[in-house]
Amino acid sequence: MKIIVCVKQVPDAKDVRLDPVTNTLARDGVQSIMNPYDRHALEEAVRLKEEHGGSVTVLSMGPPQTETTLREAIACGADEAVLVSDRAFAGADTWATTYTLAKAIEKVGGCDLVLCGKQAIDGDTAQVGPGLAERLDIPYITCVRKVTDCESGLIRVERLMDDGYDEVELPLPALLTVVKEINEPRIASLKGKMRSKKAEVLMLTASEIGADPAAVGLKGSTTQVVRVFSPEARGDREILTGSVDEQVAHLMSRLEKIL
Amino acid sequence: MLRIDSETCIGCGLCEQNCAFGAITVVDGCAQVADNCTLCGSCVDACEVGALSIEREDREKSADFGDWSGVWVFAEFRRGRLAPVAYELLGIGRQLADKRGAELSAVLVGNELGEAPQQLVGSGADRVYAADDQALADFTDDVYGNVLADLIREYKPEVVLAGATAIGRSFIPRVATMLGTGLTADCTELDIRAEDGALLQTRPAFGGNIMATIVCPHTRPQMATVRPLVMKPNVYDADRAGEIITVTPSKERLTSRVKVLRSVTEKSDQLNITEAVVVGAGGRGMGSEKGFALVHELAEALGGAVAASRAAVDSGWIPYPHQVGQTGKTVCPKLYITCGISGAIQHVVGMNSSDTIIAINKDPEAPIFNVATYGIVGDLFEVLPKLIEKIREKRD
């Protein structure tokens, strides 16, 4: 089984926060990390490979420094890595991103299963997985919390719903997006780390994947950001003082309107 | 491309501070942009001297949008009832439709729909497209997507809204891709731009640390998923008149590649945290599963749901569906009470849009107090029992 895992390099959320004084984004040397959900997608791919055989390719669209994230993926069990990188991709919305990823998957000869994290923690859209599946014309399931079975061209999974879960079965090729609950990602082994140093990351440009220049990046996007701003700061904060009884009484009076 | 006018740039560093991606640095008194720039525009807005701009190659004026009119909402229906977000969508949908002088329609997809079409009319819809079929009893992305996309192609609404629920966020991206149009996820504000009638879609990014307003300039419909519990429903009017149109999709369009083997509701006695109006949340400070029972008691007294930080979930005191934060769920209830949660950013991003936040923690330096509307520094095991007692008294 050939599995492709889509990963994104994102800024670590704990480094991005609002400065309460200036109400601007404060960053203390933002670290780039592998999107946390994608780690779980990668782990699931490696487990499926270990059980059923095949190969795991990690794929990312991003600036050249994304290579570090792909090498980390190799250290954690991926066999191959592909980075589609081109200045023309900058400013891509999910529509242009799914186009680019679909072109890249075609370029590397397709696969039996695509795995993605549920969403990336910077954009939080959760739109790339479903959009990519539609571009590839394959069925998909989002928010998968468990792969229960995978044999004779069928995969059976549990998907998280708002009120519980659904157990579903679908034919391969297919795409799944996964939630954190699905597994506990492994730490890179020493052997994996050695391998990741030597491994080759295949770099592809827009023209190498045969992408239409008008369909990628900002130019190929259907949505446009017109304004970015800080959310309104919270009103006055209040620490309630006194004895426990007094604190509780103060709180109850503040809650009068809400309860 | 991000253009930096080196003559105008004064090297003040505001752009560098405002870039969430760390893509701008000031070198020798002038800003420089790196390859990881996503063209989000934060720096352009932050620059006080107008030295930055984003070059957009203007597309040719796209096809005339004159054929597209009306506001649609997808009315989610599951296990015999409309999802609460359906009513909220009709609330904001009504406002948008009135601003555009257009009609508001609801699309209802499911099986044994019962009174749901009338309920949608009474809640503000002028028209309801109802598809009632056994093949629609279970949710599948492809069949729900086929039905909605076919209707959109036929009737050409200008705006399509759906709830940012597990179902909406799963199949709406496919619909947008099928139609070749833009989609904005998890919006918390929607408005119409006066000049040209464009839908202004505002959403939080970076877990609520920044807000972005997005438009869909070249294609129709303009599509958005909307965060539950943010929009206000209309007042129900049983006498309101509306048209109900029965939709009968072809057998082929109702055939899914996905087979639903079983659909399980988990613990119906525990409210879904993303739909709850009041949430009590516990963290590491609860000490043990036994200690955590106090959070359940608090939530029960409030008639609310129980949430938890990752620390509490990882300790095995409560299952993962209750986890709020970066790797859990995002909630925005009217009232969120944290008990023994320190307030790591990974938790805060999942709850900081709640209306009122109360923090109870023994450490006065805990960062949770920076986001709390009201804070109590104290011992949970003294404060909580008293608070629960007072809440019960009040609610009786």
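# Reading terms against their cut-offs

Student: In chain B, strand 5 (residues 71-75) and strand 10 run parallel and are joined by three bridges; what makes two strands count as a pair?

Tutor: Two strands pair if DSSP finds at least two bridges between them, so the three bridges from strand 5 to strand 10 of chain B satisfy the criterion. One position in this ladder is B:Val73, which stands opposite B:Leu161 of strand 10 of chain B. The elements themselves are DSSP runs numbered from the N terminus, helices being H or I over at least four residues and strands being E over at least two. This is a predicted model, in which local features need pLDDT of at least 70 and side-chain atom pairs count only at pLDDT 80 or more, while totals for chains, interfaces and linings use all residues. Residues are numbered from 1 along each chain as its sequence is written, and chains are lettered from A and ligands numbered from 1 in the order in which they are written.

Student: Which strand of chain B is joined to strand 10 by five bridges?

Tutor: Strand 15 (residues 222-226) of chain B is joined to strand 10 by five bridges, and the two run parallel. Within strand 15 of chain B, B:Val226 is the bridge partner of B:Gly163, and B:Val226 also has B:Cys187 opposite, for strand 11 of chain B is linked to strand 15 of chain B by three parallel bridges.

Student: Why are strand 11 (183-187) and strand 16 (243-246) of chain B said to stand at the edges?

Tutor: The open sheet of chain B has seven strands in the order 11-15-10-5-8-9-16, with parallel pairing. Strands 11 and 16 of chain B each have a single partner strand, so one side of each is left without a neighbour in the sheet. From one strand to the next the twist averages 20°. Helix 5 (residues 141-155) of chain B lies across strands 5, 8, 9 and 10 of chain B, at about 150° to strand 8. Helix 6 (residues 166-179) of chain B packs on the sheet too, touching strands 5, 10, 11 and 15 of chain B, with its direction at about 175° to that of strand 15.

Student: How do you know that strand 10 (residues 159-163) of chain B is mostly covered?

Tutor: A residue is buried if 20 or more other C-beta atoms, placed from the backbone, lie within 10 Å of its own, exposed if 12 or fewer do, and partly exposed in between. Five of the five residues of strand 10 of chain B are buried. B:Val159, B:Leu161 and B:Gly163 point one way and B:Val160 and B:Ala162 the other way, and all are buried.

Student: Why is B:Asp5 called partly exposed?

Tutor: B:Asp5 has 14 other C-beta atoms within 10 Å, a count between the two limits, and is therefore partly exposed. B:Asp5 lies in the loop between strand 1 (2-4) and helix 1 (14-18) of chain B.

Student: What makes helix 2 of chain A largely enclosed by the rest of the structure?

Tutor: Seven of the nine residues of helix 2 of chain A are buried, so the helix is largely enclosed. Among them are A:Leu70, A:Ala73 and A:Ile74.

Student: Why is helix 2 of chain A called oblique to helix 5 of chain A?

Tutor: The axes of helix 2 (residues 67-75) and helix 5 (residues 190-198) of chain A come within 7 Å and cross at roughly 140°. Angles under 35 degrees count as roughly parallel, over 145 as roughly antiparallel, 65 to 115 as roughly perpendicular and the rest as oblique, so helix 2 of chain A is oblique to helix 5 of chain A. The residues making the contact include A:Arg71 and A:Glu72 of helix 2 of chain A and A:Gly192 and A:Lys193 of helix 5 of chain A.

Student: How many residues does the largest nonpolar core have, and what makes it a core?

Tutor: A nonpolar core is a set of buried Ala, Val, Leu, Ile, Met, Phe, Trp, Tyr and Cys residues joined through C-beta atoms within 7 Å, and the largest such set has 161 residues, with A:Val5, A:Leu42 and B:Ala75 among those with the most contacts inside it. Its largest share, eight residues, comes from helix 3 (residues 84-100) of chain B. A second, separate core has 52 residues, including B:Ile345 and B:Val383.

Terms used
Axes fitted to C-alpha atoms, helices over the stretch in contact; angles between N-to-C directions. Contact = placed C-beta atoms within 7 Å.
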